[in-house]
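Student: I would like to go through this model with you and ask, for each label, what justifies it.
Tutor: Then let us take the terms one at a time and set each value against its definition.

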Amino acid sequence: MLSVPASRPALYPKAARSGADQVMIDLEDAVAPDDKEAARALVVGGISGVDWEASGQTLTVRINDTGTPWMEDDIRTVVTGAGALIDTLMIPKVTGPRDVTTVAALLDELETALGLSKTIGLEVLIETSRGLAYVNSVADAHPRLEALHFGAGDFGASMGARTLSIGDGAGMGNRWHAVQTMIAVAARAHGLRPIDSAYDDFHDDEGYLAAAEAAAGLGYEGKWAIHPRQVPLANRVFSPTPDEVASAQGLLDALDAAAAEGRGAARYQGKMIDAASARLAENILRIAERVAR
């Protein structure tokens, strides 16, 4: 998911050509308080000038959180002006289910008033200690929900973490490993997509790849990109390789052959495999099919 400042509409067409699966136009952190109103107008005009259907991307607008004076105007302006183009709204700094239901109720009102033929989905950022404490309630808050995102920067701030980096570290030694696991579990338990945090050093390809691979190993489906150069790195990690696809299909074929002989388990590539192995293989094939589309 490529993040683009709302106040820079010249970047919108470039984002549509970036190869990202999702583009998020950011009205929150990327826009200074005094520029919020002007940025809303730029979003409406900017996204209306891009053929998002041709790009095949999910178009998301990140609004300001429900505790700010800007949230309602964000939603009313962008949905009224360009609701037919927007796939989802992202709610930042969610601290409980009420944040989700508040935004959903406003969308209900606007979609009815405008006669929109589509339902705008919701995605939420878990980026505070309170949000994590209520993550399961948040994940079950409303049918509009589609994804849970981990926001490492604000989460670190909420925890008093002594770091100036966003998304640094990888693997089991990553300070946020347990947090990422909790978010991924809540997302999967409620049929949502888990998406990993931004990585602020966009010149550090190795660090980004390591962080992305760690997230993919936890079941995350994607990762933020704050610069177009990070998009191909994310696509590389979250897209199964031809070898992975071939191995997954071979595993299923081996189990089918074993079943024909009345056996529930088999040996494949030096390992014992069974029904649980099949579910893992089917997951890789599902991901590959989605990427191919």
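**Values and their definitions**

Student: Why is Gln57 called buried?
Tutor: Gln57 has 7% relative accessibility and therefore counts as buried, since buried means under 20% relative accessible area, whereas exposed means over 50% and partly exposed lies in between (1.4 Å probe, protein chains only). Before going on, note that this is a predicted model, in which local features need pLDDT of at least 70 and side-chain atom pairs count only at pLDDT 80 or more, while totals for chains, interfaces and linings use all residues. Residues are numbered from 1 along each chain as its sequence is written, and side-chain values use heavy atoms, with hydrogens and water left out.

Student: Where is Gln57 found, and what defines the elements beside it?
Tutor: Gln57 is in the loop between helix 3 (52-55) and strand 3 (58-62); helices (H or I, at least four residues) and strands (E, at least two) are DSSP runs, numbered from the N terminus.

Student: What makes the approach of the Gln57 side chain to the backbone oxygen of Ala15 a polar contact?
Tutor: The distance is 3.0 Å, and the side chain of Gln57 also has a polar atom 2.9 Å from the backbone oxygen of Ala20. A polar contact is a pair of N or O atoms within 3.5 Å; within protein, one must be able to donate a hydrogen and the other to accept it, and residues adjacent in sequence count only if both atoms are side-chain atoms. Contact in the general sense means heavy atoms within 4.5 Å, and beyond its neighbours within four places in sequence, Gln57 is in contact with residues including Ser18, Asp21, Trp52 and Asp87.

Student: How do you know which strands pair in the open sheet of 8 strands?
Tutor: Two strands pair if DSSP finds at least two bridges between them. Strand 2 (residues 22-26) and strand 3 have 5 bridges in the parallel sense, with Met24 opposite Thr60 in strand 3. The order of the sheet is 1-2-3-4-5-6-7-8, with parallel pairing. Strand 1 (2-5) and strand 8 (222-223) are at the edges with a single partner strand each, so one side of each has no neighbour in the sheet.

Student: What makes strand 6 (residues 145-150) largely enclosed?
Tutor: Of its 6 residues, 5 are buried, so strand 6 is largely enclosed by the rest of the structure. Strand 6 runs parallel to strand 5 (residues 121-126), joined by 5 bridges, and Ile126 has Phe150 as its bridge partner in strand 6. Strand 6 is also joined to strand 7 (residues 193-196) by 3 bridges, again parallel, and the partner of His149 in strand 7 is Ile195.

Student: Which residues touch the most other members of the largest nonpolar core?
Tutor: They are Ile25, Ile75, Leu89 and Leu148, in a core of 68 residues, to which helix 5 (residues 97-114) gives the most, with 6 residues. A nonpolar core is a set of buried Ala, Val, Leu, Ile, Met, Phe, Trp, Tyr and Cys residues joined through side-chain atoms within 4.5 Å.

Student: How do you know that the radius of gyration agrees with a compact globule?
Tutor: For 293 residues a compact globule would have a value near 19 Å, and the chain has 20 Å, which agrees; the radius is taken over C-alpha atoms, and the rule is 2.2 Å times the number of residues to the power 0.38.
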